[in-house]
Each structure stands twice: as structure tokens, then as C-alpha cells.
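Trainee: Could you take me through one part of this model in detail? I would like to see how a pair of packed helices sits in its surroundings.

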Amino acid sequence: MAYDVQAPLQSAAGGLAELEQRVHDDLACLCYPPSNWVVPTAVEGEEQVHDVVVIGGGMCGLVASFALIGAGIQNIRIFDRSPVGFEGPWLTYARMETLRSPKQLTGPAYGMASLTFRAWYVAQFGSETWAELDKIPRPMWMEYLRWYRKVLDLPVENGVEVKTILPEGELMRLTLSGDGAREKSVLARKVVMATGRDGMGHPSIPGFVDGLPAKYWAHSSHDIDFAALRGKRVVVVGVGASAVDNAAEALEAGAAEVRHLIRRKEMPCINKLMGIGSFGFTAAFPQLGDARRWQIMNYSLRTQTPAPRGSTMRVSRHPNAWFHFDAAVEKTELDGDEIVISTSQGKTVRADFLILGTGFGVDPLARKELDGYADKILLWQDRFTPPEGQENTELGNYPYLANDFTFLEREPGQAPWLANIHSFNSGAAASLGKMSGDIPGISEGAAWLAREIAAKLYTENFGQYWQRLLDYDTPELRGDEWTASPLPDEARTAVRQQA
């Protein structure tokens, strides 16, 4: 049975208040939240041990926390360093007008129709407006996530930054800072790094800007004063989504010209992974084996995901925008206040400001939270040697994760506590697929994560759960439900049988 994403909802909520009541009713029918079943962990003194600490209160952190609480794991904390309502990239360095994902994707709804973006949108604006909507405006997606957090009453603590994650016996100690931090540190059994696109690395900064003063350039994830670019010549390196969105911002702010310098000879036009996305692909990817996973990820990285059509046209509609292909940047230097950019074509381009649309690199060594032992994390380059022609240094830097999103040791026995840290962010893509960062698979990823953490918490304390089984003595029968009867004697049984 096919469905029509534009067809009106026959029983749509007539406002947010009604929709929120539906959410609460749905949760009640699903017995959410269930009782906490996890055995408390005791340590010397009065310090509390949390079963799970989730780092990040953006989309990944919210749905992961919802899944954990729904699994009966309620002794959790959720930390985010951003102010309330500004978690994730949506109102900071994300600069696209709309999301790339189709509007009907269920995203973090976790199987609940009343939690979908569509239900939230239609409750406020109606089915006719939904039918007219093409893509989801980026700021509106953040409004939806704010509502999602509120209606589920997820206990995110804002203004709290996790500085370090260090082993302490069988536990993990997280040191905290920020205006929202109530303690200097906390103890946890498990840590979920729901830290988003840059959550297992850092912005990719090419070496050609090493000698260029910081006031002349910025990465697309930086806080850029676009108003200051009015009347300026701007060069944007790259042509991916972030590069194009930042070029559009500069043009709309009144830049005199914006030139894309692109190392590729042609514009990437096809989003390859979109063509094979399915529940089967999501479920099968972790089981495909190293060679096939590498094959898929390497192909995806090499073909490159194109910028959305709308974002690209947002740039190209300006007569003072140019796309220069086969023009890799080789060197930058200053000539007075001008940036002189040397390209692979042997030509130079002069500019007043340079924006690096060069994306994010995956590099566990760059994560300050893991200082002191990040080099003990197993990477793909340690585990797999690709066939000739499929070499990829970027892909080799991804962590090689276990099936529960945890890090593995490069050398067994050197850092066993890595099994307590779950990389529920973009760094998981090479090992487990895009289940912990992108809208299409985020609910499946959260369900998987919660199930694996629950299994670990249970098996680690199996003795106590076994004792619970032995000690359980609440009767279902009271003794007045039956009457004991004597067995009949043999003779009477024989007569009955003859009759």
C-alpha cells in the first residue's frame, strides 16, 4: 500500500496543545517511562554514580536519551555546552536555507507519529500548507527540536562542557566546566558522545593557510561576520554544502564578488547514498564485512555528496558569483592587505577574505576529552588494508567501532575502559553506517544504542539480577483458587474404564 506524503491527515491535531496531549497519551499507552531496573552502583563516600552520561543535547543526544529512558535506564545526565535552544549547528554555523532531507522523513520520532515533524507542522499550519511545503526551513527544524525536548521533558543541562573523560576503576570520571555545571566532575558507568558532525574530530584546515593571519580567513564552521564582507572580494574553497551556503551568505551580505575555487574538474551532482537508503541497508551495513563497508564509504567520499540544488542556485543567481573548477589551492600569501592565492592551474586569484568550505576531519586524537589515550583507539587504518586503488587516508582515520558504538583497543589490554565510551556521532559512519548523525537513520541508531547499553548494564551485574530472581517471592496465586483431591483407587478406576 503506497502512501501520499501530501494527502491531508484525517485526524490532525488542531494546535500544539492538542498534539502535546496526544504525545502524552501515546507515551502513557507505551508505558513510558518504565521503572528503572538498573542496579545502583555504590562507591565509597556519598558520590552518586550515573548509569549513563550523554554528551550533547542536540538531535543525536535528545533521541539517544529518549531511547535510554524508554529502555528503563533513568539514572542519566545530559550535558550540552551551548545555551538553551542553541544546541547543535542549526542556529550557529549551519547556514543553509532549508534542510536537504525530504520533509516526510520521521527523523528522531522513534516510531511515534505524534512526535514527527509532520505532526508538529500540521498542528500549527494545517495540511494545505504542508502540501505546499517543499523543504524544511533550517530555523524551523530547530524550533521543532526545542519542542521535542520540551514535550518529552528531557533533562538537558545547558552551559556544561565536558573537558575530560578519564577511567577511575571500572567507572569513568568526567570533569566539567561552564556556567551550568553543578559539580566539578561526575562518575558514570557508560558515556555516550552524541557530539554531532564534528564530534570525533575537528574542522579540516588545509596547510595552505598556515602562514595567513587569522583575520583573513575562516572555516565554514566558524562565527563569521558576514556584514563585514560587504564590498569585499571573497574566495570560498570547495563546493560542498557548507561551502555553497557560506558563499550565499557572503553574496547576500553584499560581497563585491565570490569565487569558488574547486579542485574537482566537474561539479558533483549525484547523492549516491540517497539512492540506496533503506531499512535493509541500515540493518545490514554493520554486517557487510570490512571490505564491503570500506568499498561503500570510499565510493561515497570520492564521489562527494553534492550541495543541494536550492543552495547552489542561491549562489548562482548572483551575477558576481563564479565557480572555478580544476583550481585547487596550492599556496596563499599576503600582498599588503590582499590575499594572493596560487592555484593548480598556475594562475593566481586575489581576495580580501578566504572561507574554507573544507568540511570536518575524523581524528580521535583531536578530541580533548580523550587526551592521554586517544592513540590507543583502534582505527580503520589499523584494521584494514584496502585494495589497490581504494586507498583513502581520510577514511582510514575513522575509529573502528564495536557493534555497540564503543571504541576498540588498538592493543588489547592497554585501555579496557574504551568499552565504556560510545561514539554516537559522525565518527561511527564507517563502522555502523549513518545511524548517529543524519536524520534518516537516527531513530534506528538510538534504538540500537539503547539496546546494547541495556545489555551491557545487565550482564555486568548478572549476579545481582540472579539474586533478584531468587529473592522474588510475590505470589500470583493465594491458595484459595483450587481444592486438592485424592487419587481414585485402582478398582474404581477399572470399573470406570469398562463402563
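Mentor: Happy to; we will start with the helix pair, go on to the nonpolar cores, and finish with some backbone details.

Please keep in mind that this is a predicted model. Two packed helices are described by the angle between their axes and the distance between the axes. Here the pair is helix α2, residues 59-70, and helix α5, residues 138-152. Their axes are 11 Å apart, and the angle at which they pack is about 25 degrees. Angles under 35 degrees count as roughly parallel, and α2 and α5 are therefore roughly parallel to each other. Their crossing is left-handed. On the α2 side, the contact is made by Met 59, Leu 62, Val 63 and Phe 66. The α5 side brings Trp 141, Leu 145, Tyr 148, Arg 149 and Leu 152. Sorted by character, the residues of this contact are eight nonpolar and one charged, with no polar ones.

Now let us follow Trp 141 out of the helix pair. In soluble globular proteins, nonpolar side chains tend to be buried together. The largest nonpolar core of this model has 102 residues, and Trp 141 is one of those with the most contacts inside it. Others in that group are Leu 115, Phe 117, Ile 165, Leu 174, Leu 370 and Phe 424. Take Leu 174 as an example: leaving aside neighbours within four places in sequence, Leu 174 is in contact with residues including Val 53, Ile 55, Val 162, Ile 165, Val 186, Ala 188 and Val 191. Its contacts also include Thr 164, Lys 184 and Ser 185. Apart from the largest core lies another, of 22 residues, among them Val 239, Leu 251, Ala 255 and Ile 262.

Back to α5 for the backbone. In the loop between α5 and β3 (156-158) you will find Asp 153. Most residues other than glycine have a negative phi, and most peptide bonds are trans. Asp 153, though not a glycine, has a positive phi, near 55 degrees. With a relative accessibility of 65%, Asp 153 counts as exposed.

The loop between α1 and β1 holds a residue of this kind too, Cys 31. Phi of Cys 31 is also positive, near 55 degrees, and Cys 31 is exposed, at 57% relative accessible area. Also in the loop between α1 (16-29) and β1 (49-55) is Pro 33. The peptide bond that joins Tyr 32 and Pro 33 is cis, with omega about -5 degrees.

Note on methods:
Residues are numbered from 1 along each chain as its sequence is written. This is a predicted model: local features need pLDDT of at least 70, side-chain atom pairs count only at pLDDT 80 or more; totals for chains, interfaces and linings use all residues. Side-chain values use heavy atoms; hydrogens and water are left out. Axes are lines fitted to C-alpha atoms, for helices over the stretch in contact, and angles run from 0 to 180 degrees between N-to-C directions. Helices (H or I, at least four residues) and strands (E, at least two) are DSSP runs, numbered from the N terminus. Angles under 35 degrees count as roughly parallel, over 145 as roughly antiparallel, 65 to 115 as roughly perpendicular and the rest as oblique. A crossing is left-handed if the near helix is turned anticlockwise from the far one by less than a right angle, and right-handed if clockwise. Contact means heavy atoms within 4.5 Å. Ala, Val, Leu, Ile, Met, Phe, Trp, Tyr, Cys and Pro count as nonpolar, Asp, Glu, Lys and Arg as charged, and the others, Gly among them, as polar. A nonpolar core is a set of buried Ala, Val, Leu, Ile, Met, Phe, Trp, Tyr and Cys residues joined through side-chain atoms within 4.5 Å. Buried means under 20% relative accessible area, exposed over 50%, partly exposed in between (1.4 Å probe, protein chains only).
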